[in-house]
There are 2 protein chains.
Amino acid sequence: MPNLCTPLCAILGTRLPIVQAPMAGGPTTPALVAAASNAGALGSFGFASTQPEAMQRDIEAVRALTAAPVNLNLFVLPQTPAIAARDQQAALDAVAAYYAELGLAQPPAAKAPYAPDLDAQLNVIEDARPRVFTAHFGSVDQARMRRMQAAGIRIGVSATCVAEAQHLQAQGVDFIIAQGAEAGGHRGSYLRDPHETMTGTLALTRLIVRAVNVPVVAAGGIMDGAGIAAVLALGAQGAQLGTAFLTCSESGAPAVHKQSLLAAREDTTRVTEKFSGRAARGLANRFMREMEEQDAAQLAFPAQNMVTGALRAASAKAGNPDFVAMWAGQAAPLAREMSAAQLVATLEQETLDALDRLAAMRR
Amino acid sequence: MPNLCTPLCAILGTRLPIVQAPMAGGPTTPALVAAASNAGALGSFGFASTQPEAMQRDIEAVRALTAAPVNLNLFVLPQTPAIAARDQQAALDAVAAYYAELGLAQPPAAKAPYAPDLDAQLNVIEDARPRVFTAHFGSVDQARMRRMQAAGIRIGVSATCVAEAQHLQAQGVDFIIAQGAEAGGHRGSYLRDPHETMTGTLALTRLIVRAVNVPVVAAGGIMDGAGIAAVLALGAQGAQLGTAFLTCSESGAPAVHKQSLLAAREDTTRVTEKFSGRAARGLANRFMREMEEQDAAQLAFPAQNMVTGALRAASAKAGNPDFVAMWAGQAAPLAREMSAAQLVATLEQETLDALDRLAAMRR
């Protein structure tokens, strides 16, 4: 039996050094997470915008589908301070014409709290004791981290530059996710400006592998086994793939999002703050382009999500890509339509094939 | 004897699938090019801004140092139309304070022609009949290309997106250089906006390998053998490294440029048009930051080179990094100080080590 194992597999409790990336806002259904984990990868819930009660339901649902390790992911951010009425109005005015165009009622002003309570979310995770907890935007406080690790939870956090990786190592994380510029979704930058830490996955992975001693998982632009073999060559011990799983049958991404990924022939992604208030990469569409051209008003993350929420939902429901946040990495044209089990099996075989191809060069 | 050969090596006439990147404006001395080629890589002259007579001198000089194949590179761009006096003045005004600060006389208005005559440059290359000619910003016209190929010159051109790669394949190039977003120096984009083709090397290499049948050389963020093994895993048949060679003893880069590369600890590069008039990646410095913040006036490429030329030269001479165009890729912190022969030997050994590490994962 061929064996792709790296030391990271012992940390994650998986057969394969492959992580199905956590993706907040719908894609990571219990069916997707369970299928990825059952196939030998690490299935992951993106719980950033999920209320504690819904997190508990999803965790129960996935446990009915798999006994394999899973990963629960959160955005570790302080509460956004209440936003002034004038700023609220400017952000609503900036999108009013779009709401009217889709025949929707104008949205109400965003109300604090703008995101689920982080402590309550973390308590759900501590109670659930998953094999893995990963975080975006830095780690949890040291007392919490030690308690989680003592309970057997392995902790990984995203880094977009060397300083973030070194900071995470000093805090004692079990592994680091090197999030290259190719990656879809939110940039996890927390020490430097996200727009100034757009280092490509190849360069960033190598820089971080050379700078720290903890295992590194590479993320960004990896869509097949050749990509996985490439990051293993760079010294990463694992690969995290998000976009590749978005088009799986079990993914909860809207149909228009899946169709747009499968139709992509070029990297037409952009990094925008206009959907959520924080820099995130997705397929370019009318909303991104127009809001950026107009330098339109927006609220801070995550309040901007409330400004755009009903618009995104209605656009997705209507099969209209114009106003949907279609997060995607730069290698989206390599997206494939298959089940998560098929995808993981395909990734495994392709990685082995790539390693065989490289081994033949040594002969 | 371990053998890293790919089919591309037969095209380039080299022992190793490694290209020392052409870098215009000084770094690619005959000593550097000859040392890279003598060590088994493909040494390359960056002749974009070199007058035909100087090209001839460099070609003669390299031939006295090596019988191995070399690559001559040009920027294939139409002549810039004459620039209006008002625009000239605005561009000069934008840099006047910097000239004064360094105690330099204000530069005269840039005079057409703003670049060496492309046809004359190409004639020098046809006469010299190097093993390899590479181009940035698209290929030469079809008649010229067929004539060069009939004379035994192998032709490679940069692509920054799938459409450019497919276009080059249709034109009949011998190989394609996939220039990922990590790459230092000028973006070779010629069908799409350079700022909208910033696809990371990992994603771009895989996209282009999957989209065309001609051999692909990957460029951008590759600094060591792990990076070379990574792009081979992606299906590239070769790796082009620029920044790694900038700090070689034979490189003609200014001392302050070399020192800044060797001192880098993070990716602090930016893509700017302010030095030359075209998007290029280099180490962030005061000139880039201030000119961009002010959205300062600039001329089209390459005329802006004339506006900034004396400033860059004086700053380099004074060992002051503030006004030097310190082109660099995003993995600059991995730069090493050694001779080109040592670097090529090190890259070869590291690549073999990386392949051995990967092969061990299959056991």
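The overall dimensions of chain A and the packing of two of its helices are described below for a predicted model.

The secondary structure of chain A comprises 14 helices and 11 strands. Along the principal axes, the C-alpha atoms occupy a box of roughly 65 × 45 × 40 Å. The radius of gyration of chain A is 20 Å, in agreement with the value near 21 Å expected of a compact globule with 363 residues. Of the 363 residues in chain A, 57% are buried. Contacts in chain A between residues at least 6 apart in sequence were also examined, and 70% of these join residues at least 24 apart.

One helix pair was considered in detail. Helix 9 of chain A, spanning residues 225–233, packs against helix 14 of chain A, spanning residues 340–360, at an angle of about 55 degrees, and the two axes lie 7 Å apart. Helix 9 of chain A is therefore oblique to helix 14 of chain A, since an angle of this kind falls outside the range of 65 to 115 degrees that counts as roughly perpendicular and is not under 35 degrees, the limit for roughly parallel. The crossing of helix 9 and helix 14 of chain A is right-handed.

On the side of helix 9 of chain A, the contact is formed by A:G225, A:A226, A:I228 and A:A229. Helix 14 of chain A contributes A:L347, A:Q349, A:E350, A:T351, A:D353, A:A354, A:L355 and A:L358. Classified by residue type, the contact between helix 9 and helix 14 of chain A contains 7 nonpolar, 3 polar and 2 charged residues.

Note on methods. Residues are numbered from 1 along each chain as its sequence is written. Chains are lettered from A and ligands numbered from 1 in the order in which they are written. This is a predicted model: local features need pLDDT of at least 70, side-chain atom pairs count only at pLDDT 80 or more; totals for chains, interfaces and linings use all residues. Axes are lines fitted to C-alpha atoms, for helices over the stretch in contact, and angles run from 0 to 180 degrees between N-to-C directions. Helices (H or I, at least four residues) and strands (E, at least two) are DSSP runs, numbered from the N terminus. Angles under 35 degrees count as roughly parallel, over 145 as roughly antiparallel, 65 to 115 as roughly perpendicular and the rest as oblique. A crossing is left-handed if the near helix is turned anticlockwise from the far one by less than a right angle, and right-handed if clockwise. Two residues are in contact if their C-beta atoms, placed from the backbone, lie within 7 Å. Ala, Val, Leu, Ile, Met, Phe, Trp, Tyr, Cys and Pro count as nonpolar, Asp, Glu, Lys and Arg as charged, and the others, Gly among them, as polar. The radius of gyration is taken over C-alpha atoms; the globule rule is 2.2 Å times the number of residues to the power 0.38. A residue is buried if 20 or more other C-beta atoms lie within 10 Å of its own, exposed if 12 or fewer, and partly exposed in between; C-beta atoms are placed from the backbone.
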